[in-house]
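This report looks at how two chains meet in one model. Start with the contact surface, then turn to symmetry and confidence.

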Protein chains: 2
Amino acid sequence: MLNIQRVENIVILGLGLIGGSLARALRTKGFAKNFIAYGHREQSLERGLELGVIDEYTLDLDEAIDRADILVIATPTLIASDMLKKILPRVKGCSHSPVITDVASVKGSLRDTAINTNGTMPGKLVLAHPIAGSENSGVDASDESLFVDHRVIVTPVEGNDSSAVALVRDMWRSTGAQVLDMDVDEHDAVLAATSHLPHILAYTLVDTLAQSNASEDIFRFAAGGFRDFTRIASSDPVMWRDISIANKSALLDTIDVFNEHLAALRQAIAAGDATGLLETFTRAKAARDSFSAMLGTRTK
Amino acid sequence: MLNIQRVENIVILGLGLIGGSLARALRTKGFAKNFIAYGHREQSLERGLELGVIDEYTLDLDEAIDRADILVIATPTLIASDMLKKILPRVKGCSHSPVITDVASVKGSLRDTAINTNGTMPGKLVLAHPIAGSENSGVDASDESLFVDHRVIVTPVEGNDSSAVALVRDMWRSTGAQVLDMDVDEHDAVLAATSHLPHILAYTLVDTLAQSNASEDIFRFAAGGFRDFTRIASSDPVMWRDISIANKSALLDTIDVFNEHLAALRQAIAAGDATGLLETFTRAKAARDSFSAMLGTRTK
């Protein structure tokens, strides 16, 4: 059973696809009374009002913090870090400070920013990562069902208030998401492997081919497999610049392990090692097929 | 206008997905009177008869060659090379020998086998590569519309009879495919870049993650982008072993160029070079988006 708590005010910092979809989903479930957005771009905030995604907005960060019961930092990763640096000093020592959470793809860099800014991990800062997205961005693309059956990873750390962690979990469960806990560093390593490295490889492949002399022919003759393989290279460059910087350490580790395996496979090709190649491809196919079967049993 | 020639007998060597689909498509168009399959596995050949894909089959290679007007080697790449070594000596110097063609993904290795076996390129051996496939294999998966709007690359070489080249082009046009000519080495370089390298990267990534200590978590938290990116790692390991061996030289070249670009991007991540990362990702996104727009204007 969900322990739905009625919250007065949820403040969304950064009303884009994720923040807007969260507000829509929570509003539908009646999870809070009031949805307030804070941001710099008044146009997006006005649009949020028009679309009925939020009830109010403010351009004043102090007001946003003062009124919030839950403050959701729904900005890109690096801006989330800047926001924490601004917010944490303002709530330090306040008895009625909001529960603060975020949606960024990298968690360790925000934990470090929080500890560096605050001295210790703030009890009411609970980091989380909804694994959901869309090719579209902005509040116009927001969708109340964006998180349904998607995973949301909550990464509680030592020093977190258990009631704050419980509230963030409840909030995400209300959107229809599957909420799971994970260690911060494990989260960053797993995401580096399953998401950040594939993006780096796809960007690298497309850029390599685009810079080739034969690039026109190359793209002319590429077929469906190539289209699937490179789809993620159409992702937002700013978001991936930020993730690459924020998750540097885990990403470099996973690139290095990948490179070792690629070097071994290159060596097998150079040596004409038919047995070794067949072994590697067969092992990979088995892993991919079992992953595919596993995905088949869940919706998203 | 197509110059459809009425052919008496087409012999398919290897009645799988590609050979079976070709026979079905050509039969529908009345391109030949008789479709005969040759192979080792009588069960597949019997199944081809049952399904009405072929009219007859034989287990005797000499009979297959004697009766063929067009002989289509529709086996995997390395077996196609073995077949050429058997067939070419039997037709050398014969005035009524068939036009011989193939469907393999690598062309240079077959050209080299042909020249090494025959002394010079046989005039009536015309190499070709239909860029089409399916996740399913075998004659049961064969489909008369498999090649419709797909590319077929014909790679004529010096020494080819122009009438033989024209017949192979006509045969493929009859299936509804878009037929294009390309130089053999250019074909192998372009396919290495757009198809063989992506397969190597996908196999390497999945195998790297599967061998990690955290592999269970990794696959548990992988999402849609990962599924698309790794789909080609579910491809047939034997086919990709053969391609990796047959296209070794072009594949090693393209792996090396890719590695240089990946090393540069790794360096940018390590240095926290926000500008360099954004430039690379933006350039790659632009190339992928324009590729995507280009693909949008054609069906397959």
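Of the interface residues of chain B, 100% are also interface residues in chain A, so the copies meet through the same surface. This is a predicted model. The contact involves 72 residues of chain B and 72 residues of chain A. Six elements are listed for chain B: helix 7 (184-210), helix 8 (215-221), helix 9 (224-230), helix 10 (237-246), helix 11 (248-270) and helix 12 (274-296) each supply at least two residues of the side that touches chain A. Helix 7 of chain B gives the most, with 17 residues.

What classes of residue make up the side of chain B that touches chain A? The table gives the split.

| Class, side of chain B that touches chain A | Count |
|---|---|
| nonpolar | 45 residues |
| polar | 14 residues |
| charged | 13 residues |

Now the symmetry. Chain B superposes on chain A after a rotation of 180 degrees. The shift along the axis is 0.0 Å, and the RMSD is 0.0 Å. The two copies are thus related as by a two-fold rotation axis. Which residue of chain B comes closest to that rotation axis? B:Phe229 does, with its C-alpha at 2.1 Å. The number 229 falls within helix 9 (224-230) of chain B, one of the helices that supply the side touching chain A.

Last, confidence. The model scores ipTM 0.89 and pTM 0.89. Chain A has a mean pLDDT of 92. In chain A, 96% of residues reach 70 or more. Where pLDDT is low, the predicted coordinates should not be read in detail.

How values were computed
Residues are numbered from 1 along each chain as its sequence is written. Chains are lettered from A and ligands numbered from 1 in the order in which they are written. This is a predicted model: local features need pLDDT of at least 70, side-chain atom pairs count only at pLDDT 80 or more; totals for chains, interfaces and linings use all residues. Two residues are in contact if their C-beta atoms, placed from the backbone, lie within 7 Å. Helices (H or I, at least four residues) and strands (E, at least two) are DSSP runs, numbered from the N terminus. Ala, Val, Leu, Ile, Met, Phe, Trp, Tyr, Cys and Pro count as nonpolar, Asp, Glu, Lys and Arg as charged, and the others, Gly among them, as polar. Copies are superposed by least squares on the C-alpha atoms of residues with pLDDT of at least 70 in both. pLDDT is the predictor's confidence in each residue, from 0 to 100.
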